[in-house]
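Got your viewer open and a hand on the mouse? Let's take a walk through this one, stop by stop.

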Amino acid sequence: MIIHSGTYNLFNLALPQSSDDKDRYERLVGVIRDLGADSVAVQEVLGHTLEDAGRLLRQLADDTGMACMTAPNPALGVPAMPAIAASQHGHPDKNGVFRGNYHVGLIWAPGVEPVPGTWRAYDGAPDFWHALATHVLDFGGTRIKVGSYQGDPFRPDCRYNEARRVTSAFVGQIGLVGMDANCVSADLSSSTGRYYDHDPYTDQNHDLLEYQIQWREDASELPAADRRAAEVMHRQGLLDTAALVDAPWEASCGHWIDTAGRPDVWGPRRIDTVRVTRHLAPAVRAHRTIRTDSSLAASDHLPVIVDIETGVEP
């Protein structure tokens, strides 16, 4: 049996209001349906409250033919709830109250069962700028701890420390985490022994560059990607599946043109991936970035799918 698990940054997805919002929402729904995934980690599910974001996640799950409700635990009085974790990154609401609204969540296919008592939302502060969500899912008898994470886009030092917290949730587990890491990987190609991801920043010079590069005492030095967060994940046993199977390199973002006609300042780069624990690594069979006309038009990030074969001994 092959399990298909994915990750997808939905690009500021809020409950659709305008006709343009509804059109893009329908494109996202179509892309997710076409993935044929057993589980998908999603990021940038917007809502001024967690309840708002939960309603949006339930709507997305319903419209894609998937599920998102955690298993209730009557013994502890814990009801079923949408599998969404709250971000501290947000904006003031209409009353001027600051609310975190860039949440992360999990959706899964019919037949996949959430294991009671295993849902955990690692909400924003103090650990994360966005959030981490984890749940053990039962894929027809194979239980895997599945996570969704979005890294801090602005602060390399915080991103580095967030990576330590992410890995702490998966130590000793059979698990995987889909993510918009907001940094390029530090994993090495299994065929060349060099970084799987090239450094996309060497020839760049713009005001946002410092969010992604190592600190330079001399600003005239060539910029170099800050890979510390990715290195922490790799060293602590969360392995980048693209490098693991040496998949053909593909950018997961950089294609987007904003409403003012401006291209993505970062250019093509790969910051979306699925990482697996060492226990699950032998079962990884493929890593694919889904580049279609629909996915290019639906979000500024492309979805990624990983194939995992069940029954493989670590």
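**Stop 1: a residue in helix 2**

Select Leu60, which sits in helix 2 (residues 50-64). Helices here are DSSP runs of H or I with at least four residues, strands are runs of E with at least two, and both are numbered from the N terminus. Before going on, know that this is a predicted model: local features need pLDDT of at least 70, side-chain atom pairs count only at pLDDT 80 or more, and totals for chains, interfaces and linings use all residues. Residues are numbered from 1 along each chain as its sequence is written, and side-chain values use heavy atoms, with hydrogens and water left out.

Is Leu60 buried or exposed? Its relative accessibility is 1%, so Leu60 counts as buried. (Buried means under 20% relative accessible area, exposed means over 50%, and partly exposed is in between, using a 1.4 Å probe and protein chains only.)

Now show what Leu60 touches: leaving out residues up to four places away in sequence, you'll find Leu10, Tyr25, Val29 and Ile32. Touching, or contact, means heavy atoms within 4.5 Å. Try a distance label between the C-alpha atoms of Leu60 and Ile32: they are 28 residues apart along the chain, and the label should say 9.4 Å.

**Stop 2: the whole of helix 2**

Widen your selection to all of helix 2. Its 15 residues should span 21 Å at 1.5 Å a residue, and the end C-alpha atoms are 21 Å apart, which agrees. The expected span is 1.5 Å times one less than the number of residues.

Which residues of helix 2 are buried? Colour Ala53, Gly54, Leu56, Leu57, Leu60, Ala61 and Thr64. They cover an arc of only 165° around the axis, so they are on the same side of helix 2. That arc is taken from the directions from the helix axis to the C-beta atoms.

Spin the helix around to the face turned away from its buried side, and there are the exposed residues Glu51 and Asp62. Flip back and look at what covers the buried residues of helix 2: the cover includes strand 1 (2-13), helix 1 (19-35), strand 2 (39-46), strand 3 (84-85) and strand 6 (102-108). Before you leave, click Gly65, just after helix 2, where phi is positive at about 75°.

**Stop 3: helix 1 against helix 2**

Show helix 1 together with helix 2. They pack at an angle of about 55°, with their axes 9 Å apart. That makes helix 1 oblique to helix 2. Axes are lines fitted to C-alpha atoms, for helices over the stretch in contact, and angles run from 0 to 180 degrees between N-to-C directions. Under 35 degrees counts as roughly parallel, over 145 as roughly antiparallel, 65 to 115 as roughly perpendicular, and the rest as oblique.

Which residues make the contact? Helix 1 brings Tyr25, Val29, Ile32 and Arg33, while helix 2 brings Leu56, Gln59, Leu60, Asp63 and Thr64.

Next, pick Asp34, also in helix 1. Asp34 has 67% relative accessibility, so it counts as exposed. Its C-alpha atom is separated by 9.3 Å from that of Thr64, 30 residues away along the chain.

**Stop 4: two odd phi angles**

Most residues other than glycine have a negative phi. Go to strand 1 and select Phe11. Phe11 isn't a glycine, yet it has a positive phi of about 55°. Asn12 is in strand 1 too, and its phi is also positive, near 55°. Asn12 is partly exposed, with a relative accessible area of 31%.

**Stop 5: helix 3 and helix 4**

Jump to helix 3 (residues 156-168) and helix 4 (residues 228-235), which pack at an angle of about 15° with their axes 8 Å apart. Helix 3 and helix 4 are therefore roughly parallel to each other. On the helix 3 side, the meeting residues include Tyr160 and Arg164; on the helix 4 side, they include Val232 and Met233.

Now colour the buried residues of helix 3: Pro156, Arg159, Glu162, Ala163, Val166 and Thr167. They cover an arc of only 135° around the axis, so they lie on the same side of helix 3. They pack against strand 9 (131-139), strand 10 (142-150), helix 4 and strand 12 (238-240).

**Last stop: a loop**

Finish at His206, in the loop between strand 11 (175-180) and helix 4. What does His206 touch, leaving out residues up to four places away in sequence? Look for Val265 and Trp266. The C-alpha atoms of His206 and Val265 are separated by 8.1 Å, though the two are 59 residues apart along the chain.
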